Amino acid sequence: MKVIVTKSQFQKIVFNLLDVLYGPNIRAFYNRNINIYEIFANDDEEIFRVYVGHGRAKGCKLDMFVPHDTSEKIKDYIPHAILKKKLFSKTLLLYINEKTGLNIDCIEFWYPTSTEGTEHETKYNFSIKKNKKIKP
């Protein structure tokens, strides 16, 4: 049996999951020393980093990096195949932009893959402006 989930239903699911995992009061703090925004959950755990200057992908003004711990926590609840989809990236950025007031336009994270039985991680970069994967 196939279950069809609409875009708005998917967004509600992801928003609710992120609220449960990190709390509804996510906040951004600008760190002048290293020129990034650090995004913190309710429990003061750093869950994302937003690069403003050095470290951004080409064509991005604000590039959000998802640390390994955060991506592992999300992967416990969402299948790996969904993480590589544009809709998940757009939804995650929409959630963070809504909670922090930032206008993040790109996302970057690593996801596990296997090639001929060898496990490794692959980098995923996505730009909202271009609506496609980008090269780092």
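# Notebook: Asp105, the disulfide and two helices

Asp105 first: I found it in the loop between α4 and β5. This is a predicted model, so everything I note here comes from computed coordinates. Is Asp105 buried or exposed? I get 4% relative accessibility, and the cut-off for buried is under 20%, so Asp105 counts as buried.

Next I looked up what surrounds Asp105. Leaving out residues up to four places away in sequence, Asp105 touches Gly59, Cys60, Lys61 and Leu62, then Leu93, and finally Phe126, Ser127, Ile128 and Lys129. I also checked for polar partners. A polar atom of the Asp105 side chain sits 3.0 Å from the backbone nitrogen of Leu62.

**Disulfide**

Cys60 turned up among the contacts of Asp105, which sent me to the cysteines. How many disulfides does the count come to? The count comes to 1 disulfide. The pair is Cys60 and Cys106, with their sulfur atoms 1.9 Å apart. This pair ties together distant parts of the chain: Cys60 belongs to the loop between β3 and β4, Cys106 to strand β5 (residues 106-115), and they are 46 residues apart. I read -90° about the S-S bond, and the link of Cys60 and Cys106 is left-handed. Both Cys60 and Cys106 are buried.

**Lys58**

Lys58 is in the loop between β3 (46-51) and β4 (63-65). Lys58 has 73% relative accessibility, and the cut-off for exposed is over 50%, so I logged Lys58 as exposed. Which residues does Lys58 touch, not counting those up to four places away in sequence? I found Lys130 and Ile134. For Lys58 and Ile134 I also took the C-alpha to C-alpha distance: 8.3 Å in space, against 76 residues apart in sequence.

**Strands**

I then followed the strands on either side of β3. Strand β2 (residues 36-40) runs antiparallel to β3, and 5 bridges join the two. β3 also pairs with β4 in the antiparallel sense, over 3 bridges. Val50 was a handy residue to track: Tyr37 stands opposite Val50 in β3, and in β4 the bridge partner of Val50 is Met64. The hairpin of β2 and β3 has 5 residues between the strands, and there Asp44 takes a positive phi near 65°.

**Helix α1**

α1 (residues 7-22) has 16 residues, and I get 22 Å from its first C-alpha to its last, close to the 22 Å expected at 1.5 Å a residue. Its buried residues are Phe10, Val14, Phe15, Leu17, Leu18, Leu21 and Tyr22. Why do I put these on the same side of α1? Because they cover an arc of only 165° around the axis. A reminder to myself: an α-helix has 3.6 residues a turn, so residues three or four places apart point the same way. Lys12, Ile13 and Val20 are exposed on the other side of α1. Just after α1, Gly23 takes a positive phi of about 90°.

**Helix α4**

Last stop was α4 (residues 86-100). Its 15 residues should span 21 Å at 1.5 Å a residue, and the end C-alpha atoms are 21 Å apart, so the two agree. For buried residues in α4 I listed Phe88, Ser89, Thr91, Leu92, Leu93, Tyr95, Ile96, Asn97 and Thr100. Leu93 is one I had already met as a contact of Asp105. Gly101, just after α4, takes a positive phi of about 80°.

Note on methods:
Residues are numbered from 1 along each chain as its sequence is written. This is a predicted model: local features need pLDDT of at least 70, side-chain atom pairs count only at pLDDT 80 or more; totals for chains, interfaces and linings use all residues. Side-chain values use heavy atoms; hydrogens and water are left out. Helices (H or I, at least four residues) and strands (E, at least two) are DSSP runs, numbered from the N terminus. Buried means under 20% relative accessible area, exposed over 50%, partly exposed in between (1.4 Å probe, protein chains only). Contact means heavy atoms within 4.5 Å. The expected span of a helix is 1.5 Å times one less than its number of residues. The arc is that of the directions from the helix axis to the C-beta atoms. A disulfide is a pair of cysteine sulfur atoms within 2.5 Å. Two strands pair if DSSP finds at least two bridges between them. A polar contact is a pair of N or O atoms within 3.5 Å; within protein, one must be able to donate a hydrogen and the other to accept it, and residues adjacent in sequence count only if both atoms are side-chain atoms.
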